[in-house]
Amino acid sequence: MWIVKETLSNILYNALTEAKEKGELKIKDEPLIVLEIPKDETKGDIATTMAMAIASAEKRNPRDIAQIIIKHIKDEAGIIDKIDVAGPGFINFFLKDGYYHQLLKQIDKQGKDYGRIDIGKGEKVQVEFVSANPTGPLHVGHGRGAAVGDALANILKAAGYDVVKEYYINDAGRQVYILGESVRLRLDELHGKKVDFPDDYYKGEYVKEIAKDYIAKVEEKGILLGTFQEFACEAMLKDIKKDLKDFGIEFNRWFSENKELHDKGLALTAIHELEKKGFIFVEDGAKWFRTTQFGDDKDRVLIKADGQLTYFASDVAYHKEKAERGFSTIINVWGADHHGYEARVRAALKAFDYNDRNLKIIFIQLVKLLRGGVPVPMGKREGEFVTLRQVMDEVGSDAARFFFLMRRSDSHLDFDLELAKKQSSENPVYYVQYAHARLCSVERQAVERAVKIPVADSVDFGLLKLPEERNIMKQIALYPITIEGAARALEPHRITFYLQNLAGLLHNYYFHHRIITDDKALTDARLVLVKGVRQVIKNALDILGIKAPEKM
RNA sequence: GCGCCUGUAGCUCAGUCGGAUAGAGCAACAGCCUUCUAAGCUGUGGGCCGGGGGUUCGAUUCCCUCCAGGCGCGCCA
């Protein structure tokens with residue numbers, strides 16, 4: 001379908017040009033040739049609204065324009081079976097079965113590369129996600145951000161972009177200082193001292209664990225280490241890295257605020273540059289960045305009256321640094337509670353003369369955990385967050401990732417732990433994985449019965465006459481277009497929806513028709529068809545970071 | 001008060017750059033295993049797309065306004 005889309009675009013473009021040359025159409029603007037897949041299959045395989053789009057400029061009936069365009073269509077590739085004009089002026093194309101047969105051969109040949117497209121043309125893109133402060137374990141919200149960011153990066157890779165996955169480590173500033181102090185106090189406690197533990201310090205159990213670890217490593221083994229802060233921060237980061245690794249996520253780069261910004265003085269450099277550009281003023285002893293000049297609703301402090309840099313100062317420097325690395329697009333995956341931050345970061349990019357349209361920010365809405373329909377209490381009281389680790393341990397990382405990707409990012413997510421564990425069609429993860437396992441089972445069965453898995457070139461696909469078979473072929477033809485849409489819109493959830501549809505078609509087909517039959521030629525054709533389905537499910541699950549089991 | 005997000009079937013949500021009769025899953029009800037995995041399949045009912053205006057051939061989609069919910073508005077990070 002991807003190929004059809006490109007071919008048809010050209011065909012339509014040529015038809016339009018010819019109509020214009022012959023004076024049958026007058027418009028000057030090049031209209032966008034929009035192709036869509038009709039929901040109703042009786043309306044063809046693919047359709048365009050272009051006749052309606054140009055009708056008003058042309059001041060003519062869209063249906064007449066459609067007729068003119070059709071008249072000039074030359075189907076040199078021989079993929080079109082029939083063309084209709086319908087409704088207010090849709091041009092509907094019915095494709096030849098041969099097109100789908102070609103497609104099956106193509107999938108068989110491309111294997112894991114089927115679905116890779118090249119809209120990215122190798123452009124460099126950075127996806128920065130999770131970036132949780134190393135002051136506590138990752139919680140469920142971070143998990144959603146991790147699943148979305150990782151899937152997004154994988155989608156962009158499949159779409160032909162050169163992608164860097166990056167984690168920004170907030171290892172400077174007051175938060176990590178407090179973490180270090182919290183560990184120090186717990187350590188004193190372990191040594192039997194009475195301590196007064198402040199309310200705004202980190203109270204979680206993990207702080208005590210780090211303190212115990214400190215005793216084991218530093219006091220008992222005499223390993224030399226830096227400050228409590230460094231020790232605690234490193235310990236925390238180690239846990240975070242382990243959590244993410246077990247969640248199936250590998251970053252290309254861990255960007256340390258301390259080492260890569262402050263040690264190099266980049267925050268101050270950035271501020272000096274802004275100063276030179278005249279965007280800085282001093283008030284009440286603090287240095288301010290006039291972000292209102294770039295659309296923010298308040299000016300922001302970069303250096304406090306006490307001489308400390310603000311968090312924002314680091315972020316200005318970080319985004320400047322990102323921009324200088326030459327990415328065509330910078331994607332930040334943030335929790336929705338950070339949306340107030342967007343304007344000032346954009347202001348920073350604009351102040352450094354970078355086009356802030358190259359910055360995309362994906363906001364991740366809250367996750368509401370349920371257990372059998374009943375909300376799991378997630379009080380904001382310290383230490384009571386449900387961690388990503390707990391969820392992974394309970395439902396597994398496959399189910400967790402799938403659930404995190406089932407909704408649009410900016411939509412609240414209800415995550416039912418009981419549902420995620422259920423082994424039935426109610427649970428979409430199992431539904432999709434089961435489709436894959438089932439097909440693997442069919443292939444095993446074929447081998448057992450000494451039916452060789454055929455080579456696509458030697459198969460008569462004309463035998464696939466069932467409407468279910470055609471629907472399945474259409475759906476797998478749609479896969480690259482789904483990748484394209486998800487990449488353009490930065491919406492990974494489209495892949496999960498796609499998978500559920502495809503799995504549905506497959507289960508239905510499987511239930512009603514036998515794949516291995518007494519008819520050798522038919523069996524061959526069907527085996528190649530379902531092998532294609534299996535491949536597409538596998539490819540799509542790979543992108544989402546979810547396993548495609550061969551047995552369940 | 002200002003800003004951002006959300007509002008679609010009983011519930012949870014999709015809905016492609018503005019297109020054709022608004023979809024899916026769950027729940028409810030009624031059915032299907034002598035067969036390659038029943039972790040599956042089939043059927044039925046269910047809608048003021050939050051309300052009201054506007055833009056046009058056409059609006060769930062774009063604009064304005066109102067209502068409801070969530071979040072954000074520090075010399076915090």
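These entries record what I looked up around RNA strand B and helix α13.

**Ground rules.** I worked on a predicted model: local features need pLDDT of at least 70, side-chain atom pairs count only at pLDDT 80 or more, and totals for chains, interfaces and linings use all residues. Residues are numbered from 1 along each chain as written, chains are lettered from A and ligands numbered from 1 in written order, and side-chain values use heavy atoms, without hydrogens or water.

**RNA surface.** I looked up the residues near RNA strand B (a heavy atom within 4 Å of it). There are 66, and F90, Q175, S425, Y434 and S441 come nearest. By class I found 27 nonpolar, 19 polar and 20 charged residues. On the RNA side, 65% of the atoms within 4 Å of the protein belong to sugar or phosphate.

I then checked which elements contribute. Helices and strands here are DSSP runs (H or I, at least four residues; E, at least two). Helix α16 gives the most, with 9 residues.

**Polar contacts** (N or O atoms within 3.5 Å). A polar side-chain atom of R407 sits 2.8 Å from a sugar or linking oxygen of RNA strand B. The backbone of A305 has a polar atom 2.8 Å from a base oxygen. For M552, a polar backbone atom is 3.3 Å from a base oxygen.

**Helix α13.** I found L388, V391, M392 and V395 buried (under 20% relative accessible area, 1.4 Å probe, protein chains only) in α13, residues 388–395. Down the axis they fall within an arc of 100 degrees, so they line one face of the helix. Just after α13, G396 takes a positive phi of about 90 degrees.

How values were computed
A polar contact is a pair of N or O atoms within 3.5 Å; within protein, one must be able to donate a hydrogen and the other to accept it, and residues adjacent in sequence count only if both atoms are side-chain atoms. Ala, Val, Leu, Ile, Met, Phe, Trp, Tyr, Cys and Pro count as nonpolar, Asp, Glu, Lys and Arg as charged, and the others, Gly among them, as polar. Buried means under 20% relative accessible area, exposed over 50%, partly exposed in between (1.4 Å probe, protein chains only). The arc is that of the directions from the helix axis to the C-beta atoms.
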